[in-house]
Amino acid sequence: MADQTDAPSLADMQHWTWVMGRAQQMMLEAGLGAGVPVIPGFNDPATLARVGDFWSDSLKLWQRFLDPKAIEEGGAAVKDKRFKSEAWQNPVFDWIRQSYLMIADQMLKQVDAMEGLDPKQREQFRFATQGFIDAMSPSNFAFTNPDVIQKTIETRGENLLKGLSNMLNDLSKGQLTHTDAEAFEVGRNLATTPGKVIYRSPLFELIHYTPTTETVLATPLVIFPPWINRFYILDLTPEKSFIRWAVDQGLSVFMVSWKSADASLIDTSWDDYVLAQIEAIDVIRDQLDVEAVHAIGYCVAGTTLAATLAYLAAKGEADKVRTATFFTAQVDFADAGDLLNFVDDAQLDMIKQLSPEGYLDGRYMALTFNLLRGRDLIWNYVANNYLMGQDYAPFDLLHWNGDTTNLPAKWHLSYLTDLYRDNLLVRPGALAIAGTPIDLTKVATPSYIQAGREDHIAPAESVWKITHLFAGPLKFVLAGSGHIAGVVNPPAAGKYQYWTNDKPAATLAEFVAGATETKGSWWPDWIGWLRGQDATEVKVKGAREPGKGKKRPAIADAPGDYVRAR
């Protein structure tokens with residue numbers, strides 16, 4: 001028996017934890033007796049079962065703390081890179097880790113068990129709960145992270161001073177740093193594929209890349225990247241560049257480089273982006289004297305390309321686009337994933353308040369996308385660079401991710417309301433471009449549709465829905481990885497895989513069940529499909545060389561001016 005003046009032993013603490021848990025469970029069980037009403041969330045059987053699980057897990061934690069060998073290691077181990085170091089195996093920190101994970105699990109179960117919520121409300125609540133759980137991880141706090149404590153002792157606190165400097169620097173610029181800011185520069189070691197800007201409008205520059213083959217496909221290719229980010233995601237280092245690879249495959253490649261919004265674009269709407277795509281198509285057709293182009297639309301620019309095709313079909317001009325390729329693009333937003341959690345009246349009102357000059361600061365969108373993967377893109381850097389005081393590693397993809405662009409507020413609000421909130425694009429005639437109603441079911445352009453299996457921005461199930469709308473011949477390809485790595489996957493890297501299925505499939509699950517898996521990049525499959533549409537080639541001369549055509553001389557060297565504008 002411990003003396004009254006002594007602190008309780010671990011055995012005492014374990015005993016009293018069990019007493020309190022058992023007492024609460026007995027009271028709840030008594031509530032099920034005759035004459036006592038069952039109150040959902042308090043004494044219903046499901047709630048009692050969760051309470052029992054909670055206290056059972058709590059007792060197991062104490063038992064593990066008192067005697068780590070009492071529980072099989074395999075049953076307690078959790079694969080989580082936040083707790084991968086051996087320091088977390090110390091009994092005290094192991095108990096902190098396990099307690100956190102247990103409470104997190106219970107919080108999510110409570111959300112799942114809540115009654116009276118519609119599916120959207122439940123998903124928003126679960127998303128917010130998961131965000132809170134990630135923020136409260138013991139790895140994010142100096143006194144509960146054994147790695148930080150050890151580092152602080154080793155460096156005599158220098159890590160905390162350096163981390164504070166990193167944090168203050170981020171606060172001053174209003175954006176989280178992910179990589180070494182000095183390691184990359186557009187035009188020096190990013191976006192280096194040779195070419196010329198041959199056309200400039202208030203909304204975009206058009207880049208024509210220098211051919212590397214003696215002949216090229218007669219039908220040129222125009223790429224529409226998302227204006228939410230810079231175009232050079234498709235022209236990172238030469239080894240990762242889709243543009244350089246496409247040029248080497250014998251294509252006449254053109255890239256639209258969108259202008260980062262400023263006050264001059266205050267009246268810019270979605271119509272303007274659709275008409276800008278058609279403007280680029282017409283400029284290329286005129287420059288090379290061809291009837292049609294192949295077109296690629298990535299993410300939001302792919303959604304816009306779908307509207308462009310519908311508009312051209314309505315105007316009787318569908319033959320301007322020979323084929324269309326969609327990189328992780330959605331047209332039906334009913335199941336658009338976690339981004340739906342950011343679309344409600346309160347957040348739409350906030351966007352209006354954040355855009356007094358008619359454009360939305362790109363740092364807001366950067367934060368939104370970081371929140372979708374908060375554990376990896378926020379808290380990982382808090383722990384490593386603020387607490388541990390580590391240097392930032394050079395990473396081209398994260399440099400691009402932080403190279404934000406501003407968005408026209410009018411367009412952004414209409415995009416969120418008309419597409420994400422109201423899902424009007426899939427309703428024939430519900431939207432109009434320049435006064436012309438559009439209908440996606442009238443699109444008969446041969447299309448190649450790529451989705452990422454692990455895409456958290458444009459879920460594969462959502463991208464798949466294009467196949468239920470377009471009337472033309474379609475090829476759907478499911479790529480390994482997500483929204484970026486699933487697209488930017490050069491063949492030489494030998495990474496990931498993709499799935500194809502030539503048989504009709506009503507659902508994505510049915511497609512996958514009958515699909516053939518191919519190791520590596522899907523890019524060779526795409527170029528094979530493209531050449532299968534029209535393999536006619538022409539020699540590289542005249543206007544096929546950037547800036548050499550009589551109609552439009554070069555304005556500037558690639559990558560142009562708009563990509564560098566803040």
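**Helices, cores and aromatic pairs in a predicted model**

Good morning. I begin with helix α15, residues 409-421, in which A409, W411, H412, L413, Y415, L416, T417, L419 and Y420 are buried. Please bear in mind throughout that the model is a predicted one. The cover over the buried residues of α15 includes helices α9, α10 (300-314), α11 and α12 (362-372), together with strands β8 (359-360) and β9 (407-408). After α15 comes N423, which has a positive phi, near 50°.

Three of the buried residues in α15, namely W411, Y415 and Y420, also belong to an aromatic cluster. Ring pairs join them there with Y199, F204, W227, W258, Y273 and F333.

One of the helices covering α15 is α11, and I pause on one of its residues. D345 lies in α11, residues 345-353. Is D345 buried or exposed? D345 is exposed, since its relative accessible area is 51% and the cut-off for that class is over 50%. In sequence D345 stands 76 residues from R421, while in space their C-alpha atoms are 9.7 Å apart.

Let me now place these elements in the whole chain. The protein chain comprises 18 helices and 17 strands. It has 566 residues, 51% of which count as buried. The chain exposes about 26200 Å², with carbon and sulfur atoms supplying 56% of that area. Of the contacts with a separation of 6 or more, 77% are between residues 24 or more positions apart.

I turn next to the interior. In soluble globular proteins, nonpolar side chains tend to be buried together. Here, the largest nonpolar core holds 85 residues, and those touching the most other members are L206, F224 and W270. Which helix gives the most to this core? That is α9, residues 270-288, with ten residues. Separate from this core is another, of 45 residues, including L190, Y448, W529 and L530.

F224 deserves a closer look. Setting aside neighbours within four places in sequence, F224 contacts V256, W258, Q277, A280, I281, A295, I296, G297, Y298, A301 and L305. Among these partners, Q277, A280 and I281 are buried residues of α9.

As for α9 itself, its 19 residues reach 28 Å from first C-alpha to last, close to the 27 Å expected at 1.5 Å a residue. Its buried residues include W270, Y273, V274, A276, I278, V283, I284, Q287 and L288. The residue D289 follows α9 and has a positive phi, near 55°.

Finally, I come to the aromatic pairs, of which a search of the whole structure finds 28. In one of them, the ring centres of W88 and F93 are 6.2 Å apart and the planes meet at 80°, so the arrangement is edge-to-face. W88 and F93 are both buried. A tilted pair is formed by F242 and W245, at 5.9 Å centre to centre with 35° between the planes.

How many residues apart are F242 and W245 in helix α8? They are three apart in this helix, residues 242-248, and are therefore separated by about one helical turn. An α-helix has 3.6 residues a turn, so residues three or four places apart point the same way. F242 is buried, with a relative accessible area of 2%, and W245 is buried as well, at 14%.

I close with a charge over a ring: R200 lies over the face of Y562, 6.0 Å from the ring centre. Thank you.

Methods: Residues numbered from 1 in each chain as written. Predicted model: local features only at pLDDT ≥ 70, side-chain atom pairs only at ≥ 80, totals over all residues. Heavy atoms only, no water. Phe/Tyr/Trp six-rings, centres within 6.5 Å; stacked < 30°, edge-to-face > 60°. Buried < 20%, exposed > 50% of the residue type's maximum accessible area, 1.4 Å probe, protein only. Helix = DSSP H or I, 4+ residues; strand = E, 2+ residues; numbered from the N terminus. Lys NZ or Arg CZ within 6 Å of the ring centre and 35° of its normal. Core = buried A, V, L, I, M, F, W, Y, C linked by side-chain atoms within 4.5 Å. Contact = heavy atoms within 4.5 Å. Areas by Shrake-Rupley, 256 points an atom, 1.4 Å probe, with all protein chains shown as cover. Expected span 1.5 Å × (residues − 1).
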